[in-house]
Amino acid sequence: MKKTYKIEVDCANCANKMEEAAKNTAGVKNVTVNFMTLKMIVEFEEGQKPEVVMKEVLKNCKKIEDDCEIFL
């Protein structure tokens with residue numbers, strides 16, 4: 001399952017860091033972060049609950065870029 005989320009991030013480099021942090025989150029199959037459109041497209045592993053996984057994605061992204069935001 002794929003879902004798109006609106007994000008808030010200051011620079012393209014930070015967006016790349018967010019993408020890497022999200023990819024390394026359990027339950028995430030693939031992630032694409034687009035700095036120009038401020039969107040994150042997340043593909044979840046089979047059987048995962050997006051709302052649970054996205055809380056962990058946000059937590060991991062905040063470790064990298066503490067002022068980023070993902071609107072769940």
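The buried residues of helix H1 are covered by elements that include strand E1 (2–8), E2, E3, H2 and strand E4 (69–71). The model described here is a predicted one, and the account that follows starts from helix H1 before turning to the salt bridges.

**Helix H1 and its buried face**

H1 has 12 residues and spans 17 Å between its first and its last C-alpha, which is close to the 16 Å expected at 1.5 Å a residue. Its buried residues are Cys-14, Ala-15, Met-18, Glu-19, Ala-21 and Ala-22. Because these buried residues fall within an arc of 165° when H1 is seen down its axis, they line one face of the helix.

One of the buried residues of H1, Glu-19, carries a charged side chain that takes part in a salt bridge: Lys-23 is its partner, with the closest N and O atoms 3.4 Å apart. Glu-19 is counted as buried because its relative accessible area, 15%, is under the 20% cut-off, whereas Lys-23 is partly exposed, with a relative accessible area of 32%.

**Salt bridges**

How many salt bridges does the model contain by the distance rule applied here? The count comes to 4, and the table sets out three pairs, among them the one in H1 just described.

| Pair | Closest N to O | Lys accessibility | Glu accessibility |
|---|---|---|---|
| Lys-23 and Glu-19 | 3.4 Å | 32%, partly exposed | 15%, buried |
| Lys-29 and Glu-43 | 3.8 Å | 58%, exposed | 21%, partly exposed |
| Lys-59 and Glu-56 | 3.1 Å | 47%, partly exposed | 35%, partly exposed |

Two of these pairs lie within helices. Lys-23 and Glu-19 are 4 residues apart in helix H1 (residues 12–23), and so about one helical turn separates them; Lys-59 and Glu-56, 3 residues apart in helix H2 (residues 50–64), are likewise separated by about one helical turn. Why can such spacings bring side chains to one side of a helix? An α-helix has 3.6 residues a turn, so residues three or four places apart point the same way.

The salt bridge between the side chains of Lys-29 and Glu-43, at 3.8 Å from N to O, links distant parts of the chain, since Lys-29 belongs to strand E2 (residues 28–34) and Glu-43 to strand E3 (residues 39–44), 14 residues apart. Lys-29 is exposed, with a relative accessible area of 58%, while Glu-43 is partly exposed at 21%. Strands E2 and E3, which this pair joins, are also among the elements that cover the buried residues of H1, as is H2, the helix that holds Lys-59 and Glu-56.

Technical notes
Residues numbered from 1 in each chain as written. Predicted model: local features only at pLDDT ≥ 70, side-chain atom pairs only at ≥ 80, totals over all residues. Heavy atoms only, no water. Helix = DSSP H or I, 4+ residues; strand = E, 2+ residues; numbered from the N terminus. Buried < 20%, exposed > 50% of the residue type's maximum accessible area, 1.4 Å probe, protein only. Expected span 1.5 Å × (residues − 1). Arc of directions from axis to C-beta. Contact = heavy atoms within 4.5 Å.
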